[in-house]
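Visitor: Could you take me through a close look at one part of this model, with the cut-offs spelled out as we go?

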Amino acid sequence: GGHFSPDSFAVANDLIIGDISAAKAIACAVLDGEKIGLVSDFPMKNIPAEFGDSEKIGMYIGTNSDISPFVTTLRLIPRNVVIGIGCRKGTAENVIVETVEKALLAAEIPAERICGVASIDLKSHENGLLSFCGDRGYSIKFYTSAQLSEAEGDFTASPFVKNITGVDNVCERAAVLCSGGALIMRKFAENGVTVAAAEKTVDIDFERKIL
């Protein structure tokens with residue numbers, strides 16, 4: 001099966017390589033037969049023989065930017081955040097961009113972690129929203145108000161939103177439904193745009209291949 005490659009491992013598990021030079025250092029250490037350390041915030045399976053005890057060089061898989069467990073640490077960050085977006089009719093793309101950026105900044109979520117967008121089907125013809133996703137290569141999923149109302153969790157309710165859409169909250173519910181996970185950012189509202197974020201569950205498999 002060849003040697004462990006940080007690059008193809010990252011791609012297969014939808015992880016962002018935090019530092020290219022650290023990735024190269026790990027690839028070289030593997031070739032030299034050095035053990036690579038491994039720290040992960042997520043469950044892992046099929047860990048290859050290349051990993052073991054090392055203080056010198058290793059990988060950290062997670063979202064904490066303050067952790068450097070090794071002298072040379074390759075940080076691998078999951079691309080697993082779904083953002084839910086609600087917007088007023090006719091909202092321009094640049095307004096959505098600004099509001100999303102502000103919301104992510106306030107919640108300290110790097111934009112690279114976004115893997116998709118979700119909203120209510122009433123917004124499926126909103127050009128600003130569609131352009132926002134298209135320009136960034138985000139897939140977008142739309143849900144009916146009935147589907148959104150079945151999302152489980154504690155949401156920031158708005159009678160006004162319920163009046164218009166039939167559901168008390170669009171952005172939080174859409175993010176939770178689409179990710180299948182928990183909210184990591186509650187509703188952020190500005191300029192007629194609402195943004196929330198939820199995380200998909202991450203399970204790391206070293207034998208996962210790119211299909």
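Guide: Let's start with C133, which counts as buried because its relative accessibility is 2% (buried is under 20% relative accessible area, exposed over 50%, partly exposed in between, with a 1.4 Å probe and protein chains only). This is a predicted model, where local features need pLDDT of at least 70, side-chain atom pairs count only at pLDDT 80 or more, and totals for chains, interfaces and linings use all residues. Residues are numbered from 1 along each chain as its sequence is written, and side-chain values use heavy atoms, without hydrogens or water.

C171 also counts as buried, at 1% relative accessibility. With a disulfide defined as a pair of cysteine sulfur atoms within 2.5 Å, the count is zero. For C133, the nearest cysteine sulfur belongs to C87, 10.0 Å away. The sulfur of C171 has its closest cysteine sulfur in C87 too, but at 11 Å that is too far for a bond.

Now to the sheet. Four strands (DSSP runs of E, at least two residues, numbered from the N terminus) form an open, mixed sheet ordered β1-β5-β4-β2; strands pair if DSSP finds at least two bridges between them. β1 (15-17) and β2 (37-40) are the edges, each with a single partner strand, so one side of each has no neighbour in the sheet. The twist averages 25° from one strand to the next, using axes fitted to C-alpha atoms and angles from 0 to 180 degrees between N-to-C directions. Inside the sheet, β4 (residues 57-61) and β5 (residues 72-78) run parallel, joined by five bridges; I57 has T72 of β5 as its bridge partner.
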